[in-house]
Amino acid sequence: GDLLPRRGEGCTIRYEDSRAERDHVYVVIEIEQGGGVPAQLVLFDPDDNCHRFDLPAPRRGIVQLLVERGSELLELLRNPTTRVLLR
């Protein structure tokens, strides 16, 4: 499936293709104002399994993760029923 922008609890997520590495994508997480500094992206799949991904420190309210196109993170985000939280 396509990578469509998402809204999560306290954030919006969009994607940018890496220019340097064709098989990688930037996951760009924009943190809503008033939220704390998140340490993890927490995803709950359709079976309610919890998946945690450590986040680098945000810059100006934006976190960027460089991931491979076939990564577990992108597969989870492709599914519109996956719940997205920042912690």
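Where does Asp48 lie? In this predicted model, Asp48 is located in the loop between E4 and E5. Its phi is near 70 degrees, a positive value in a residue other than glycine. The two flanking strands form a hairpin with five residues between them, and Asp48 belongs to the turn. A second residue with such a backbone angle is Arg60, whose phi is near 55 degrees and which is likewise not a glycine. Arg60 is placed in the loop between E5 and strand E6 (62–68). With a relative accessibility of 87%, Arg60 counts as exposed.

Confidence in the prediction was considered next. The mean pLDDT of the chain is 93, and 98% of its residues reach 70 or more. Within the chain, strand E1 (residues 6–8) has the lowest confidence, with a mean of 89, whereas E5 has the highest, at 98. The hairpin strand E5 is thus described here at the upper end of the confidence range of the chain.

The hairpin is part of an open sheet of three strands, arranged in the order E5-E4-E7 with antiparallel pairing. E5 and strand E7 (83–86) are the edge strands, each pairing on one side only. From one strand to the next, the twist averages 20 degrees. Strands of a sheet pair through backbone hydrogen bonds, in either the parallel or the antiparallel sense. Strand E4 (residues 40–44) is joined to E5 over five bridges in the antiparallel sense. Two positions illustrate the register of this pairing: Leu41 stands opposite Phe53 in E5, and Phe44 has Cys50 in E5 as its bridge partner.

The side chains of strand E5 (residues 50–54) follow an alternating pattern. His51 and Phe53 point to one face and are buried, while Cys50, Arg52 and Asp54 are directed to the other face and are not buried. Phe53, the residue opposite Leu41, therefore falls on the buried face of E5, whereas Cys50, at 38% relative accessible area, is partly exposed. Phe44, the bridge partner of Cys50, also takes part in a contact with a charged side chain. The charged end of Arg83 sits over the ring of Phe44, at 4.5 Å from its centre. Between aromatic rings, by contrast, the count of pairs comes to zero.

The cysteines were examined for disulfides, and the count comes to zero. Cys11 is in no disulfide, the nearest cysteine sulfur being that of Cys50, 14 Å away. Because a disulfide requires two cysteine sulfur atoms within 2.5 Å, the 14 Å from the sulfur of Cys50 to the closest cysteine sulfur, in Cys11, is too far for a bond. The two residues also have contrasting surroundings: Cys11 counts as buried, at 0% relative accessibility, whereas Cys50 is partly exposed, with a relative accessible area of 38%.

A further open sheet comprises four strands in the order E1-E2-E3-E6, again with antiparallel pairing. Its edge strands are E1 and E6, each of which pairs on one side only. The twist in this sheet averages 25 degrees from one strand to the next. Strand E3 (residues 24–31) and E6 run antiparallel and are joined by seven bridges. One of the paired positions involves Ile29, whose bridge partner in E6 is Val63.

Ile29 is found in strand E3 and, at 0% relative accessibility, counts as buried. The C-alpha atoms of Ile29 and Tyr15 are separated by 8.7 Å, the two residues being 14 residues apart along the chain. Pro5, in the segment before E1, has a relative accessible area of 64% and is exposed. Between Pro5 and Ser18, which are 13 residues apart in sequence, the C-alpha to C-alpha distance is 16 Å. The buried Ile29 and the exposed Pro5 thus represent opposite accessibility classes, with Ile29 in strand E3 and Pro5 in the segment before E1.

Key:
Residues are numbered from 1 along each chain as its sequence is written. This is a predicted model: local features need pLDDT of at least 70, side-chain atom pairs count only at pLDDT 80 or more; totals for chains, interfaces and linings use all residues. Side-chain values use heavy atoms; hydrogens and water are left out. Buried means under 20% relative accessible area, exposed over 50%, partly exposed in between (1.4 Å probe, protein chains only). Two strands pair if DSSP finds at least two bridges between them. Rings of Phe, Tyr and Trp (its six-membered ring) pair if their centres lie within 6.5 Å; planes under 30 degrees apart count as stacked, over 60 as edge-to-face and the rest as tilted. A charge sits over a ring if NZ of Lys or CZ of Arg is within 6 Å of the ring centre and within 35 degrees of the ring normal. Axes are lines fitted to C-alpha atoms, for helices over the stretch in contact, and angles run from 0 to 180 degrees between N-to-C directions. pLDDT is the predictor's confidence in each residue, from 0 to 100.
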